[in-house]
Every structure is written in C-alpha cells, then in structure tokens.
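User: Please take a close look at one part of this protein and tell me how its residues are placed and what they touch. I would like one connected account that I can follow alongside the structure.

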Amino acid sequence: MYSRALAYIEWFTPFKEPDPFSGLLQVSRSTRRLHRNTAVIHVDEILRPCHLIPRMGQFINPRWTSANAYELATDFYLNTFIDLDTFCIFAIT
C-alpha cells in the first residue's frame, strides 16, 4: 500500500513551433521502442494539468469518435486559452 496517491501519466515531446493559423503550440506523443512513453508518479509531483486538443489536419480520421480521439491521435495542440493562468504563462513567452 502506498502512503501517497499515484498518477499514471503519458509523456509528450517538447513544444514545436506554434501553428501558423491558431498560434497554439504543438506536441506529439513521446514513444520508446514504438510504445507510448509513460510513468507512474506521485500526485504531488504534478506541477499543473494541461488541456490538449487532437490535431485533425485537413481531414478528420473517420475512426475517431468523442470516446477514442485522444487515444488514436498522435499530435496535439496545447490549449493556452483554457484558463487565465495558462494563457498568461504562454502569452509572455
């Protein structure tokens, strides 16, 4: 039994250049040996959550649904408009 709460996380790549149309930063899933790079960490190690938006491109994958889009997508936008703190952090960089 653990005395501290744990969280399962998935790692993503460092930020790529902002999307030229939306200005949102882009990330992709980080992989190791062709599998998602994941970890189990203590909850108190989490600095802040983030909201990711699946990148759809010109066409939406017909297999995507609201239930599986986050699992099937590999590229995402960081939603910097989700709350005032996140917006301010990324607006000044």
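The request concerns strand β2, which holds Val-27.

User: Which residues does Val-27 touch, and is Val-27 buried or exposed?

Analyst: This is a predicted model, and the account below starts from strand β2, which spans residues 26-28. Val-27 lies in that strand and has a relative accessible area of 5%, so it counts as buried, the cut-off being under 20%. Leaving out residues up to four places away in sequence, Val-27 touches Phe-12, Thr-13, Pro-14 and Phe-15, and also Leu-52, Thr-74, Asp-75 and Phe-76. Two of these, Leu-52 and Phe-76, belong with Val-27 to the largest nonpolar core, which has eight residues and also includes Leu-25, Trp-64, Ala-69, Ala-73 and Leu-78.

Leu-78, another member of that core, is in contact with Leu-25 and Leu-52, and among its other contacts, with neighbours within four places in sequence set aside, are Phe-15, Cys-50 and Phe-90. Phe-15 is thus a contact of Leu-78 as well as of Val-27.

Gln-26 lies in strand β2 too, and at 12% relative accessibility this residue is also counted as buried. A polar atom of the Gln-26 side chain lies 3.0 Å from the backbone oxygen of Glu-17, and Glu-17 is listed among the residues that Gln-26 touches, including Pro-14, Phe-15, Arg-55, Phe-76 and Tyr-77, again not counting those up to four places away in sequence.

By way of contrast, Val-40 in strand β5 is exposed, with a relative accessible area of 57%, and Val-40 joins Tyr-2, Leu-6 and Tyr-8 in a nonpolar surface patch of about 480 Å².

Methods
Residues are numbered from 1 along each chain as its sequence is written. This is a predicted model: local features need pLDDT of at least 70, side-chain atom pairs count only at pLDDT 80 or more; totals for chains, interfaces and linings use all residues. Side-chain values use heavy atoms; hydrogens and water are left out. A nonpolar core is a set of buried Ala, Val, Leu, Ile, Met, Phe, Trp, Tyr and Cys residues joined through side-chain atoms within 4.5 Å. Buried means under 20% relative accessible area, exposed over 50%, partly exposed in between (1.4 Å probe, protein chains only). Contact means heavy atoms within 4.5 Å. Patches are made of residues with over 30% relative accessible area and no salt bridge: like charges are joined within 9 Å, nonpolar side chains (Val, Leu, Ile, Met, Phe, Trp, Tyr) within 5 Å. Accessible areas come from the Shrake-Rupley method with a 1.4 Å probe; for residues, only the protein chains shown count as cover. A salt bridge is a side-chain nitrogen of Lys or Arg within 4 Å of a carboxyl oxygen of Asp or Glu. Helices (H or I, at least four residues) and strands (E, at least two) are DSSP runs, numbered from the N terminus. A polar contact is a pair of N or O atoms within 3.5 Å; within protein, one must be able to donate a hydrogen and the other to accept it, and residues adjacent in sequence count only if both atoms are side-chain atoms.
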